[in-house]
Amino acid sequence: MKIHNPATGALLANLRADSNAIVRRKYKLARTAQADWARRSIKKRLATIAAFRERVVAMQETLATTLTSEVGKPIRQSRNELTAMQLTGLSLENGQLVATG
């Protein structure tokens, strides 16, 4: 599978496509992971999401560059999308899920 920059046509990567067997295995792993996720308390889920968000923030410029090269959007738009993610979040207040930011 060839990944091209849609803006320039440059070849970014040439990846081997997964076989049907590998796709089925990944599907089963994802279904198992979903069940494990569903068993976690909301506090643990929020902590996991917060940790993911922190990693995205730490890697913002790398992610913005990747978005730009793979999708063909301007770098400023990629940065803005990642910045917006930093401004929003979720918290648990008095047992209620609340959007923050």
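These notebook entries record what I looked up in a predicted model.

Entry one, the pair of helices α3 and α4. I looked up how helix α3 (residues 60-71) and helix α4 (residues 75-87) are placed, and found that their axes come within 8 Å and cross at roughly 135 degrees. I therefore noted α3 and α4 as oblique to each other, and I recorded the crossing of the two as right-handed. On the α3 side the contact is made by Gln60, Glu61, Leu63, Ala64, Thr65, Leu67 and Thr68, while α4 contributes Ile75, Ser78, Arg79, Glu81, Leu82, Thr83 and Gln86. Sorting the residues of this contact by character, I have five nonpolar, six polar and three charged.

Entry two, the loop. Which residue did I look up in the loop between α3 and α4? I chose Lys73, which is found there, and asked whether Lys73 counts as buried or exposed. Its relative accessibility is 16%, and because buried means under 20%, I entered Lys73 as buried. The side chain of Lys73 is joined to that of Glu81 by a polar contact of 2.8 Å. Leaving aside residues up to four places away in sequence, I listed Leu67, Thr68, Ser78 and Glu81 as the residues that Lys73 touches; Leu67 and Thr68 also take part in the helix contact from α3, as Ser78 and Glu81 do from α4.

Entry three, a residue of α1. I turned to Gln34, which lies in helix α1 (residues 20-39), and noted that at 42% relative accessibility Gln34 counts as partly exposed. For Gln34 and Asn5, 29 residues apart along the chain, I wrote down a C-alpha separation of 33 Å.

Methods. Residues are numbered from 1 along each chain as its sequence is written. This is a predicted model: local features need pLDDT of at least 70, side-chain atom pairs count only at pLDDT 80 or more; totals for chains, interfaces and linings use all residues. Side-chain values use heavy atoms; hydrogens and water are left out. Axes are lines fitted to C-alpha atoms, for helices over the stretch in contact, and angles run from 0 to 180 degrees between N-to-C directions. Helices (H or I, at least four residues) and strands (E, at least two) are DSSP runs, numbered from the N terminus. Angles under 35 degrees count as roughly parallel, over 145 as roughly antiparallel, 65 to 115 as roughly perpendicular and the rest as oblique. A crossing is left-handed if the near helix is turned anticlockwise from the far one by less than a right angle, and right-handed if clockwise. Contact means heavy atoms within 4.5 Å. Ala, Val, Leu, Ile, Met, Phe, Trp, Tyr, Cys and Pro count as nonpolar, Asp, Glu, Lys and Arg as charged, and the others, Gly among them, as polar. Buried means under 20% relative accessible area, exposed over 50%, partly exposed in between (1.4 Å probe, protein chains only). A polar contact is a pair of N or O atoms within 3.5 Å; within protein, one must be able to donate a hydrogen and the other to accept it, and residues adjacent in sequence count only if both atoms are side-chain atoms.
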